[in-house]
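Q: Could you take me through this structure by asking, for each label, what value stands behind it?

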Amino acid sequence: MERSHFRFVAIVSIVSVMSTQSIRAQESPTVQQKPAKIVAEWLAQSQPTVIQVTNVEVSATAEGIEIVLQTTAGEIPTPTTSVIDNTLIADIPNAVLILTDAEQFQATNPTSGITSVSVTNTENNQIRVAISGETTPPVAEVITADRELIFSVTPEADTAEAPIEIVVTATRTPEAVQNIPRSVTIINRDQIEQQTALRRDLQDILAQTVPGLGDVSPDGNTFSQQLRGRRVQILIDGVPIKSNLSTVQARDYRSIAPDAIERIEVVRGPTAIYGDGGTGGAINIITRQAGDQQFTSTAEIGIDAAAGGGNSFLTGDSFSNYLEYGFSGNEGIFDFVFNISRNDVGGFFDAQGSRIPFESVADTEIFNVFGKVGVNLNSQQRLQVSLNHYNEGENSTVRPDESILDIPGIQKARGITVPDVEFIGVPGRGNRNTVASLNYTNDALFGSQLQGQLYYRLNSRSSDAFDFRDFGDPIQQQQFDKEQWGARLQIQTPLSPAASLLWGADYSNENIRLDFNFGDDAEFDNTQGRVFRRVGGISIPYDFSNLGLFAQLQWDLNDRWLISGGARYERFNLSVDDFQTPFVPYRNITGGDLSFDDLALNLGTRYRVTDAVSLFANFAQGFSAPDFGRLLQGPPDELTSIEDDVNVTQPQKVDNYEIGVRGEWTNVQVSLAGFYNESELGTRLIPGAALAEIIRVPERIYGVEATIDWQPGGNWQLGGTATWQEGEFEEDDEFLAITSERISPLKLSAYVEHETLPGWSNRLQLLLVGNRTRAFNDGTEEVPISGYVTLDYIGSIQLGLGTLSIGIENLLNEQYFPVTSQYLGGFYEPDNIAARGRTLRVGYRVTW
């Protein structure tokens, strides 16, 4: 039997798909034919013969699988190939599939690395063979023979090109983004480095890139920057950073420096897959990974300064400097990453040249050190330990000037210089966060994949000194310490070639201590507020723990349609010692223990309409336990005993409904999603007093999010995002608007980027925040929100051995007030803080 060999290798790249074919064959003997005698005979000879494929077989081989198409007579024509996402397509002309027992052939998960094989009829007498790889397109060698066409398939192509984007946060296991039935945003390392050319604050980076996330909060508080109007769970490598004490001095975003981050995965919408705290979604910060090279070093230096109006242009007080060094590598079975950075942040100035009275963002010194070591015990088992320490010291002597309260109308907050405070007996102002984790994976444990994690987190936040004597309280400094340890265990068990079950348990125990330190009045007054010496105080310690059990099923019905669903049961425990309230009138509260539980469900589906377009829909529940720290420091008058009088223990449970569509073409990527969520128990805060009150009433939030990215060629890239949302709470049988601190006005972002010359790129990015008046009209906030537009420039150029980056924040030097500033300024004018004016940053990075 004479055989001809054809090799087809399909490789995915960023801008094109290339298919190559090589022939290994003996030369066929020349066949001589007589010319057609008549036209009819000639036409008959010119019509191609349609081959009938009557059988398809798939079998495992040492390298992958072998697919055999068989016919009863003739030779099956040579196919042409193409690649769509991670699927290799082979189209066989002049052929039709005729099986005795089915209209098409389908095989799911025939071997590791290959998710599906399908053989179907298409139009115009053509058979399509589609072979889908798990992460990248497979390699196929095609052999033609008498009455057979054989595909010898290897699971993954040997290529360095960019693979299909994989996300782990949404499912807790690696999964291609297009297979996830919900909205997901990925910010990769290149995007992080690009945005840090403007600013090195994680809140700013996320606000610019994530649909549904509110604009940045001037004070760095997490509570003011919510996702889809609700609280977001923040994790570092899966370790929960959000504390039960989450609405008081929360600095979850300020827990790690951007230089220690490999990528950020954002799941938009509630999720119970990681337990308590994810009613708005989850932001998983994945730390740096070791590269393929044996040893690589990176160093960067940068400076930035105000470049706006007035006398603030390159003024000395505004200068910041940044230093970073890191290395990574591989040595045998070991791999390692280390990174250390220091960011000395100067003063901030608005567009008019006025000093901005930030208390916890400007005039800070940030030190971050990160390390990770992994060892591959064998081909299936890996052990990894990582540590990140973040230390943010606050040095600002600029405070809000309260004299503006005497001026009619709402005034812009202005800063005045006050003496720097020396703290004696208590830590100085700042924010410190340490996260350590030990991870173990086993990919072949009795046919299942096991992942285990032990983690430890230590966080401490120390405030400024506050003079509360006008309210009858002493001079006070607050320190909140949060220590947490926990464990996560998950097992993925295949149930069939098309279905798998993820199941496991999570446990977390958090010890929280609220210290209200009282200062020496006489020494504070004699030094004009320069010395705070602790002479006493009140502490409120409590423990909060939770145990979660979960199971999640995923079922690939075929190569186009999948469904997933699961449940999570969570049990919470609160333990409080006897304590005294920290504000007058002081009251003694009897402690005690409380337990409560809840169940969250989810169900989602994704259907691939075409190879480029997917539809998805999901129902998901999430829950958040109440902030007991806020309750304990300002309990209502009727609360005298934890066990007898606390009736707000039930978690806030959110039901979320979402539908969406994704399109993934070679040069265009788009997404559109609509969502609606509701909860019977909200967590609305009423500000205005020293201690805000939590009101638990029904809430509903709904909105639309869209993204688009376009690579039109010529080294151009364009894109943007759009978010519209609205939220309401029920009061006296009427639904009123939730405040703009939680519900962001219309938010649009856009960018245009061009690689002008090889190694030289330029980018303009715009952020538009619209007006919002509904909450003001409903009487739930004091002022209407006015919109604003900002424009940034980012440029980078290869210079010498490294890359020079230039960033100009607020390029047009617009004077505006962030949403949170406007909202809070309606209650207390010194919080009506303007945003930064034009700011220039220059950095230089070199890798060797």
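Q: What makes Phe572 and Phe623 count as buried or exposed?
A: Phe572 is buried, and so is Phe623, where buried stands for under 20% relative accessible area, exposed for over 50% and partly exposed for what lies in between, with a 1.4 Å probe and protein chains only. The model is a predicted one, in which local features need pLDDT of at least 70 and side-chain atom pairs count only at pLDDT 80 or more, while totals for chains, interfaces and linings use all residues. Residues are numbered from 1 along each chain as its sequence is written, and side-chain values use heavy atoms, with hydrogens and water left out.

Q: Why is the pair of Tyr325 and Trp848 called tilted?
A: Rings of Phe, Tyr and Trp (its six-membered ring) pair if their centres lie within 6.5 Å, and planes under 30 degrees apart count as stacked, over 60 as edge-to-face and the rest as tilted. By this rule the count comes to 23 aromatic pairs. In one of them, the ring centres of Tyr325 and Trp848 are 6.3 Å apart and the planes stand at 35°, so the pair is tilted. This pair links distant parts of the chain, with Tyr325 in strand S21 and Trp848 in the segment after S49, 523 residues apart; strands (E, at least two residues) and helices (H or I, at least four) are DSSP runs, numbered from the N terminus.

Q: How exposed are Tyr325 and Trp848?
A: Tyr325, at 31% relative accessibility, counts as partly exposed, whereas Trp848 has a relative accessible area of 54% and is therefore exposed.

Q: Why is the pair of Phe572 and Phe623 edge-to-face?
A: The centres of the two rings, Phe572 and Phe623, are 6.0 Å apart and their planes stand at 85°, so the pair is edge-to-face. Because Phe572 lies in strand S33 and Phe623 in strand S37 (residues 613-624), the pair ties together parts that are 51 residues apart in sequence.

Q: Which residues do ring pairs link into a cluster?
A: The cluster consists of Phe295, Tyr325, Phe327, Phe336, Phe338 and Trp848, linked by ring pairs.

Q: What makes S5 and S8 edge strands?
A: An open sheet is formed by five strands in the order S5-S6-S10-S9-S8, with antiparallel pairing; two strands pair if DSSP finds at least two bridges between them. Strand S5 (80-84) and strand S8 (105-111) each have a single partner strand, so one side of each is left without a neighbour in the sheet. Within this sheet, strand S6 (residues 87-93) and strand S10 (residues 126-133) pair in the antiparallel sense over seven bridges, and Ile92 has Ile127 in S10 as its bridge partner.

Q: Why does Ser82 count as partly exposed?
A: The relative accessible area of Ser82 is 28%, so the residue is partly exposed. Ser82 lies in strand S5, and its C-alpha is 9.8 Å from that of Ala130, although the two are 48 residues apart in sequence.

Q: How do you know that S23 and S24 are paired, and in which sense?
A: Strand S23 (residues 364-376) and strand S24 (residues 381-394) run antiparallel and are joined by 13 bridges, one bridge partner being Glu392 in S24 for Ile366. The two strands, S23 and S24, form a hairpin with four residues between them. On S24, 13 bridges also lead to strand S28 (residues 430-445), again antiparallel, and Arg382 has Thr441 in S28 as its bridge partner.

Q: What makes a space in this model a cavity, and how many of 30 Å³ or more are there?
A: On a 1 Å grid over the protein atoms alone, a cavity is a set of points where a 1.4 Å probe fits but cannot get out, and lining residues have an atom within 4 Å of a point. The structure holds ten cavities of 30 Å³ or more, and the largest has a volume of about 730 Å³, a volume being the space filled by probe spheres set on grid points that are joined across faces, edges and corners. Of the 45 residues that line the largest cavity, the closest to its centre are Arg199, Asp201, Asp204, Phe348 and Arg836.

Q: Which element supplies the largest share of the lining of the largest cavity?
A: H3 does, with five residues.

Definitions and conventions:
On a 1 Å grid over the protein atoms alone, a cavity is a set of points where a 1.4 Å probe fits but cannot get out, and a pocket is an open set with protein on both sides within 12 Å along at least five of seven lines; lining residues have an atom within 4 Å of a point.
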